[in-house]
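Q: Please take a close look at the salt bridges in this structure. Which side chains pair up, and how accessible are the partners?

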Amino acid sequence: MQLAKVLGQVVSTIKGPGLERFTLLLVQDAAADDPERDGGPVHVAVDTVGAGVGEIVIVCSGGAARVAAGPDVPTDRAVVGIADTVVHVGSVTYQKT
């Protein structure tokens with residue numbers, strides 16, 4: 001799993017079978033020491049939890065993403081959680097407001 005920041009949505013009126021029930025989010029990989037800092041690669045992920053723009057989320061990839069979204073969903077990245085707090089090496093590096 002990876003921390004990521006939600007940058008926005010990808011709007012697609014025509015989606016492959018299995019994707020029609022999901023919002024597609026644009027997420028950027030984040031580091032645990034400063035999750036709100038811009039940095040990592042940007043990906044499209046299916047949203048299984050109702051995350052919003054600006055939130056720090058937990059993303060899984062590969063087979064784990066297909067398990068989270070469902071076996072009929074052709075995805076390799078899924079948002080599976082919204083972070084409330086991130087503690088890195090004993091220090092709080094992110095707190096949801």
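A: **Salt bridges**

Four salt bridges are counted in this predicted model, with a side-chain nitrogen of Lys or Arg required to be within 4 Å of a carboxyl oxygen of Asp or Glu.

One of them pairs Lys-96 with Glu-55, and their closest N and O atoms are 2.8 Å apart. Lys-96 belongs to the segment after strand S7 (91-95), while Glu-55 sits in the loop between strand S3 (42-47) and strand S4 (56-61), so this salt bridge ties together parts that are 41 residues apart in sequence. The two partners fall into separate accessibility classes: Lys-96 is partly exposed, at 33% relative accessibility, whereas Glu-55 is buried, at 16%. Glu-55 is classed as buried because its relative accessible area of 16% is under the 20% cut-off.

Salt bridges with shared partners also join Asp-33, Asp-34 and Arg-37 into one network. Within this network, Arg-37 forms a salt bridge with Asp-33, where the closest N and O atoms are 3.3 Å apart. Arg-37 also meets the side chain of Asp-34 in a salt bridge, with an N to O distance of 3.7 Å. As for accessibility, Arg-37 is partly exposed at 45%, Asp-33 is partly exposed at 43%, and Asp-34 is partly exposed at 30%. These values place each of the three residues in the partly exposed class, because that class lies between the buried limit of 20% and the exposed limit of 50%.

Technical notes:
Residues numbered from 1 in each chain as written. Predicted model: local features only at pLDDT ≥ 70, side-chain atom pairs only at ≥ 80, totals over all residues. Heavy atoms only, no water. Buried < 20%, exposed > 50% of the residue type's maximum accessible area, 1.4 Å probe, protein only. Helix = DSSP H or I, 4+ residues; strand = E, 2+ residues; numbered from the N terminus.
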